[in-house]
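Student: I am new to this structure and would like a close look at one part of it, with the terms explained as they come up.

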Amino acid sequence: ASPELRRIRDRLTRRQAQLRETLNQALRSAIGQGYATEDQPTLRGGRMVIPIRAEAKRKIAGFVHDVSATGQTVYVEPADCLDLNNEVRALEAEERREIIRILREATSAIREQLSAIRAGLDRLGALDAIQACARLARAMDAVVPELNTDGIVDIRGGRNPVLALRFARTAPDGEAERRVVPLHLTLGEEFNTLLITGPNAGGKTVALKSVGLFALMLSYGMPLPVDPTTRFALFNHLFVDIGDGQSIEEDLSTFSSHIANLRHMLAHAGPETLILIDEAGTGTDPAEGGALAQAVLEALTRRGARTIATTHHGSLKAFAHETPGVENGSMQFDQESLTPTYVFLPGIPGSSYAFSIAERRGLDPDVLDRARELVGEEKTNLEDLINTLERRSALLEEQLKTTEKAGVEARAEQAKYRQLHQSLQEQKHALKEKALEEAESVILKANAQVERTIREIRESQAARETTRTVRAELEQLKETVQAEKQEVKKRRPPRPRPTSAESAVLVPAVGPLAVGDQVVLDGGATTAELLAIEGKQATIMAGSMHLRVDVKRLTKVAGPRRQQVTVRHVASDPMQMSALRARQRIDLRGQRVEEALSETARFIDEAIAANLNRVEILHGKGTGALRAAIHEYLNQTPEVTRFEDADWEGGGPGVTQVYFG
């Protein structure tokens, strides 16, 4: 850190080595004379010494610094080492002074940045707290609920944080959440005060503390171990009266401590306040304590505070049932086994089960009978009514679960049969549409025969009126079939949209590209037909569009489509005519002019017979001889009204588009 510190430490290292060598020499001499039992020097009081037998301490010239616990060994600094030890101690002190000087100089240099350092330390503390919150949230599988400032608490699947952490540490994987009974509790919408009753050790206080912990955790920005559908208000104040606050030093009894807490709550209660009171009305005469607790709860309800209280007082159960803004709640109890289930039941008061538990624990039956007499018939009837309500609530809960399960199954069956009905309807209309298409095909082939006849009549100078009449009748029949076909399509039920799992997936086919293959552009979902390949460019047809694209952008998904057979003669049998189909495009590339013209003549005849409006002839560019011969033939064909080169994306001069009528 500094040249002076380096010099001091170099000297200190040399003196320590010299001192160690001198001590070792003295120790070896003492061992040789039988005065020492150990072969290593040691340190006592900051000075290097050698261990000597107690009876031989006067045999060694030096200074005694310490004695062992047994008194059998003394630690002597030989006289020859005195100066060296002194020098080592002096150098060590000099080293400390230099270190302190360096530290003071360094801290003076950064003192100007003290405010920035403190701010950085605060930020590090904040980051550390955030990381701790994140780790805690992960350990409890916590989430951020839907927050509000309306005082609404709607807990769904809440797990007490203490229990969640405890079982997360001790339970096997996946068992922790199942071992903590979830809490479902609402407050602040239909009522502002909730009174929870039930037996001892039934979970009332745990539910109360869970709500309080959730409020505190949210105030510090911590996620909660609840379901994501939970809603929780951000409260400005949280007041809690839980446990026994008696104190001899402060002259407070149990009841006095409760009164002090209630006084403070009443002084600060408001709509943005959450108040939790455990065992309301205890610590004094039951009748007076119950009345006092009722009065406090009435005052808190009027002031709009959100209040949750637990109690065993029967009068408070009736108060909660009759008072607007106050609601009963209880912790469920298994009446068969007399054990708590820790499930919160809204809207139903709970019984303390004092007599049942005492009987189960073996209390004298005569004592129990006498206790029931003292309580009175009205009290006993009330407890019996509460027990009946709890049994019915548990039964309804089970029936509700069964009904929900049956509803899910019924909806699944309904969807299944709806899909089956949809499929049958589609099959029905598809069959009818197919029949109409076959009828249309018959008409097309009949039309071809008529056209051929008309041409012969025209060539033989027959009457034009007869030709026009035959054509009109045929067109009327075609229009009737087309109208019926469109009506079928309108009545067809809409096909449900497929799910992602049902959607078709195009699988690229293996092999090089060839004319006629089915391809997709840039990995899309729409297939197109490959019309031509010229170097690195290709011509494709997608629907009625012709595109010229780079070959690298194409992916083969299937081979050439199966071509439908076309015959030159017209069958006299209508059933045979329904099997005929006309081509709309031919490829003459590579053919001699004679072959190409013969094929073109057949192609034009088929198009005229099928009553097509437009066809395409793919002849390529080449030398232009084939293109010129085809154009000359088209000029001499009276049925062709016009022809022209395709646009650039459709093939340009390599494709001729022919129009009829």
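Student: Which element gives the most residues to the lining of the largest cavity?

Tutor: The answer is α8, which gives five residues to that lining. Before going further, please note that this is a predicted model, in which local features need pLDDT of at least 70 and side-chain atom pairs count only at pLDDT 80 or more, while totals for chains, interfaces and linings use all residues. Residues are numbered from 1 along each chain as its sequence is written, and side-chain values use heavy atoms, with hydrogens and water left out.

Let us begin with the cavity itself. Rolling a probe the size of a water molecule over the atoms shows where empty space is left. Here a cavity is a set of points, on a 1 Å grid over the protein atoms alone, where a 1.4 Å probe fits but cannot get out, and lining residues have an atom within 4 Å of a point. Grid points are joined across faces, edges and corners, and a volume is the space filled by probe spheres set on the points. By this rule there are three cavities of 30 Å³ or more, and the largest has a volume of about 140 Å³. Its lining is made of 16 residues, of which Leu262, Ile277, Ala280, Gly281 and Ala293 are the closest to its centre. The elements that give two or more residues to this lining are α7 (254-268) and α8 (286-302), where helices (H or I, at least four residues) and strands (E, at least two) are DSSP runs numbered from the N terminus. By character, the lining divides into nine nonpolar, four polar and three charged residues; Ala, Val, Leu, Ile, Met, Phe, Trp, Tyr, Cys and Pro count as nonpolar, Asp, Glu, Lys and Arg as charged, and the others, Gly among them, as polar.

The loop between β11 (273-277) and α8 holds glutamate 279, which has a positive phi of about 55° although it is not a glycine.

From α8 we can turn to its packing against helix α9 (residues 314-322): their axes lie 9 Å apart and the angle between them is about 30°, with axes being lines fitted to C-alpha atoms, for helices over the stretch in contact, and angles running from 0 to 180 degrees between N-to-C directions. That makes α8 roughly parallel to α9, a label given to angles under 35 degrees. The crossing in which α8 passes α9 is right-handed, meaning that the near helix is turned clockwise from the far one by less than a right angle.

The strand β11 also belongs to an open sheet of six strands with mixed pairing, in the order β10-β11-β12-β8-β13-β14; two strands pair if DSSP finds at least two bridges between them. Because β10 (237-241) and β14 (339-346) stand at the edges with a single partner strand each, one side of each is left without a neighbour in the sheet. From one strand to the next, the twist averages 15°. Within this sheet, β8 (residues 193-197) and β13 (residues 326-334) run parallel and are joined by five bridges, and threonine 193 has valine 326 in β13 as its bridge partner. At the edge, strand β14 contains tyrosine 342, which has a positive phi of about 65° although it is not a glycine.

Technical notes: 1 Å grid on protein atoms, 1.4 Å probe; cavity = no way out; pocket = protein on both sides within 12 Å on 5 of 7 lines; lining within 4 Å. Parallel < 35°, antiparallel > 145°, perpendicular 65-115°, else oblique.
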